[in-house]
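Please keep the sequence and the three-dimensional view side by side while you read, and find each part as it is mentioned. The paragraphs below go through the chain step by step.

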Amino acid sequence: MPSAMEGSEGGEEGETLRYEETEDNSVSPTDLSELLKEGTKESHDRAENTQFVKDFLKGRIKKELFKLATVALYFTYSALEEEMDRNKDNPVFAPLYFPVELHRREALVKDLTYFYGEDWKEKIQCSEATQHYVDRIHHVGQHEPELLVAHAYTRYMGDLSGGQVLKKVAQRALKLPSTEEGIQFYVFDNVSNAQQFKQLYRARMNALDLDKNTKERIVEEANRAFRFNMQVFDELDKIGRSLTEEAQDGGFPVHDGKGDIRKCPYYADKLAGKVGPGCPYHAAVTLAKQPLVQLLLVTCVAVVAGAAAWYLL
């Protein structure tokens, strides 16, 4: 979800996300935290204005789509935390290694178990857009570890800020349990004060021994991370529109987010990007909408009605 953002109530139009406004007089414009904040504002605005995020903030999100977003997060954080573990002793990242406080993979496993059951691993797959994101994270962790901070900053600082707004929206819109099943991703049990922790994290970033060129590369990588997130949002939005179209076309509950979409093998193939014969029901509905077919149907009905009337007479 959009990162490095703080939440506030937004009235009837839904929740809103905004930049942190707390000023720290001890920072310098050349500090990495300030360079990232200023250097990613434009990307932040674009991410916040993607259709998926706007709909989410207004509570317009189907449960099936939220589940797919959780799947994308699982693959993203699995890659990120694998590379963070790999570089936990590397001086270019070590000061930002907070596995107990920040790591999300285990929380996401709980969410996926809640949504898909104990055999969740057999029911999910990494989408195309998410895979591009994952591949970049692995490349950075293995070949340019000094850029890993950009991905950690973009994700975790956002999760502790605007992510908390999304948690409330999801819980309310999807009628999730008050015990927080399904939204464990947003629960940071080991961060007692999010604002203080974020200040600590920014201070650690600013203390990294980095030259000007490396800082510029980190800001560039953070913008790249935003673009990867936006690509995932756009992919989810397209799937969401497909879900809506299926519900309008056929009216089957299994396609409107109330049932298990995996029970329709044709639709599962569509999400997986496979080419198949298509769902017989929807094929029939589409065929029935053709003018020529409708004319033939009307003619057949008239002939049958005429025959019945003759027989009764």
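In the loop that joins α9 and α10 you will find Glu180, and this residue is a convenient place to begin. Glu180 is not a glycine, and yet its phi angle is positive, at about 75°. With a relative accessibility of 22%, Glu180 counts as partly exposed, because that class begins where the buried one, under 20%, ends. As you look at these details, keep in mind that the model is a predicted one.

Lys175 also belongs to the loop between α9 and α10. Here again the residue is not a glycine but has a positive phi, in this case of about 55°, and its place in the chain is just after α9. Is Lys175 exposed or buried? Its relative accessibility is 72%, and because a value over 50% is what the word requires, Lys175 counts as exposed.

From this loop you can step back into helix α9, which is made of residues 162–173. How far apart should the ends of these twelve residues be? At 1.5 Å a residue, the helix should span 16 Å, and since the C-alpha atoms at its two ends are 17 Å apart, the expectation and the model agree. Several residues of α9 are buried, among them Gly162 and Gly163 at the beginning of the numbering, and then Val165, Leu166, Lys167, Val169 and Ala170. When you look at such a list, it helps to remember that an α-helix has 3.6 residues a turn, so residues three or four places apart point the same way.

On the other side of the loop is helix α10, formed by residues 194–207, whose axis comes within 11 Å of the axis of α8. The two axes cross at roughly 165°, and because an angle over 145 degrees is counted in this way, α8 and α10 are roughly antiparallel to each other. The crossing in which α8 passes α10 is left-handed. On the α8 side the contact is made by Val149, Ala152, Tyr153, Met157 and Leu160, while α10 contributes Ala194, Phe197, Lys198, Tyr201 and Met205.

One residue of that contact, Tyr153, deserves a second look. Tyr153 lies in helix α8, which covers residues 148–160, and it is buried, because its relative accessible area is 5%, under the limit of 20%. According to an unreviewed UniProt entry, the annotation "binding site" covers Tyr153 together with Lys37, His44 and Arg202. Of these, His44 is found in helix α2, which consists of residues 41–48, and at a relative accessibility of 2% His44 counts as buried.

The next helix to visit is α3, made of residues 51–57, where Asp55 has its place. At 17% relative accessibility Asp55 counts as buried, because this value is under 20%. Which residues does Asp55 touch, if those up to four places away in sequence are not counted? They are Arg60 and Asp237.

Finally, consider the chain as a whole, which has 14 helices and two strands. Of its 313 residues, 46% count as buried. If you take the contacts in the chain with a separation of 6 or more, 76% of them are accounted for by residues 24 or more positions apart.

Key
Residues numbered from 1 in each chain as written. Predicted model: local features only at pLDDT ≥ 70, side-chain atom pairs only at ≥ 80, totals over all residues. Heavy atoms only, no water. Helix = DSSP H or I, 4+ residues; strand = E, 2+ residues; numbered from the N terminus. Buried < 20%, exposed > 50% of the residue type's maximum accessible area, 1.4 Å probe, protein only. Contact = heavy atoms within 4.5 Å. UniProt positions renumbered as here; feature names shortened; annotations may be inferred. Expected span 1.5 Å × (residues − 1). Axes fitted to C-alpha atoms, helices over the stretch in contact; angles between N-to-C directions. Parallel < 35°, antiparallel > 145°, perpendicular 65-115°, else oblique. Left-handed = near helix turned anticlockwise from the far one by under 90°.
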